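Reader: I am new to this structure. Please take one part of it, the surface facing the nucleic acid, and describe it closely.

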There are 2 protein chains.
Amino acid sequence: MNDKKRILLVEDDPNFGIILRDFLNMNDYDVVLAKNGMEGFEKFKKYDFHICILDVMMPYKDGFTLVGEIKEINQDIPIIFLTAKSLKEDVLKGYKIGADDYLKKPFDSDVLLYKIKAILKRNKLSSILDTDEHEFKFSSFEFNSKLRHLKFKDNKHTKLSPKENMLLKMLLLHKNDLMPRELALTRIWRDDNYFTSRSMDVYIAKLRKQLEIDPNVKINNIHGEGFRLVSD
Amino acid sequence: MNDKKRILLVEDDPNFGIILRDFLNMNDYDVVLAKNGMEGFEKFKKYDFHICILDVMMPYKDGFTLVGEIKEINQDIPIIFLTAKSLKEDVLKGYKIGADDYLKKPFDSDVLLYKIKAILKRNKLSSILDTDEHEFKFSSFEFNSKLRHLKFKDNKHTKLSPKENMLLKMLLLHKNDLMPRELALTRIWRDDNYFTSRSMDVYIAKLRKQLEIDPNVKINNIHGEGFRLVSD
DNA sequence: TCATATGTTAACGATAGGTTAAATTAATTA
DNA sequence: TAATTAATTTAACCTATCGTTAACATATGA
């Protein structure tokens, strides 16, 4: 139930990055470390984080640019900037772009921990109340991913299990398009191995059974790639 | 609806306090200035604020003590500390006690503005729950959460216990929608662990018993997520 | 054709929830 | 202040739900 919180840490100084990652690990966070903005964005798209800690000055893609891209995908994710410079314009730019906090290096690691806690706490309510997209319509189905309800025409709704629910949502987010295996595995199962993969296949079968009332909806396999929900 | 946000500013240095108040006023906030912790607490009880900005070092009652008292009344209100000293222990103490941010004097006023904005943005959603609504009608029930009265049709009303009352209110604020376990636990029980969770289940059972006279009202469980009161 | 990927079902263990009653704590009242 | 009552927590026992895994079947592509 109380999973560890996942942090994306983007820091180009490898020594500092690794030390900080280990420190956060020791304090019960799951940390993914990326060593530049490019890599940071790739990791961000691939996994699902609760908070991002970004260095401002990095080669290829600086922290500000990265935040812009991140916020396009998820505008609610909290951001903490780390920076060596403390120019007023930079600080303001950071806040303007949607940062939640700003730490000047060198900073005290305990302070960082508390800032993380404070921010996650603040964000907890809004994530609990989570107002975004839960309602999907496809063919003759109505699907509410918040209530985990699937309804066909005027039938009574069926209840979906959490995994069924997430998987269906993910398929629908890629409706008529490939939903890569890997994506569902890393997002829903948070691990990509033989067993999670088989587990996912079981859930695909369960979903197919739920959807078979409607001949216009199919979940097709794309061998070695993933699945595709075709509809409408 | 789009009222100005109200700030409680507690600052013992009168010159600085007035300047800061005026600055915030100019930036479209309603500010109440108190010149020490005592007065701050009086003002806090008297009015309703969106955010508190507190000096740490003050005569009579310091910022930490004041926060303790404030959080007893409203644990969700965001707090920003202002301080001249930047001792690590003080900063940590601030966060531990529930501060949302910490500004070291002298600070840049624009930075303060952005911090306020960032924090209010995060807290926006929680205001959904800060309703003073206390009369509810659902199906054949009338419920007054101020009096803790629940009435079915023309029957005499039943009196609910404080916890029953809060839980029912919370369910009704989310009528026909998910009321997350975590939300009730953090807001009513102020803690989220095995025992509070079981305690909540007991209260759900009590409420179900109260509501069972009416076949059109149900409290459904959404496994692992929370409860949903369906009605009307 | 053979290794690998996927389809499907069923069984099992783990955890969440339903409910009642006893035990504990808090609030009232004598 | 002691006695009484109300409110809440904890324990106990039971059921429902969920996810994983094993087992066996079929499909795919080199």
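Author: A polar contact is a pair of N or O atoms within 3.5 Å. Trp189(B) has one with DNA strand D, where a polar side-chain atom is 2.9 Å from a phosphate oxygen. The model is predicted, with pLDDT of at least 70 needed for local features and 80 or more for side-chain atom pairs, while totals for chains, interfaces and linings use all residues. Residues are numbered from 1 along each chain as its sequence is written, chains are lettered from A and ligands numbered from 1 in the order written, and side-chain values use heavy atoms, without hydrogens or water.

Chain A also reaches phosphate oxygens of DNA strand D: an N or O atom in the side chain of Ser161(A) lies 2.5 Å from one, and for Tyr203(A) the distance is 3.0 Å. Both chains supply helices (DSSP runs of H or I, at least four residues). Those giving two or more residues to the surface near DNA strand D are H6 (162–173) and H8 (194–211) of chain A, and H6 (162–173) and H8 (194–211) of chain B. H8(B) contributes the most, six residues.

Around DNA strand D there are 22 residues (near means a heavy atom within 4 Å). Ser161(A), Trp189(A), Ser199(A), Ser161(B) and Ser199(B) come nearest. By type, the surface has ten nonpolar residues, six polar and six charged; Trp and Tyr count as nonpolar, and Ser as polar. On the DNA side, sugar or phosphate accounts for 76% of the strand D atoms within 4 Å of the protein, and bases for the rest.

How values were computed:
A polar contact is a pair of N or O atoms within 3.5 Å; within protein, one must be able to donate a hydrogen and the other to accept it, and residues adjacent in sequence count only if both atoms are side-chain atoms.
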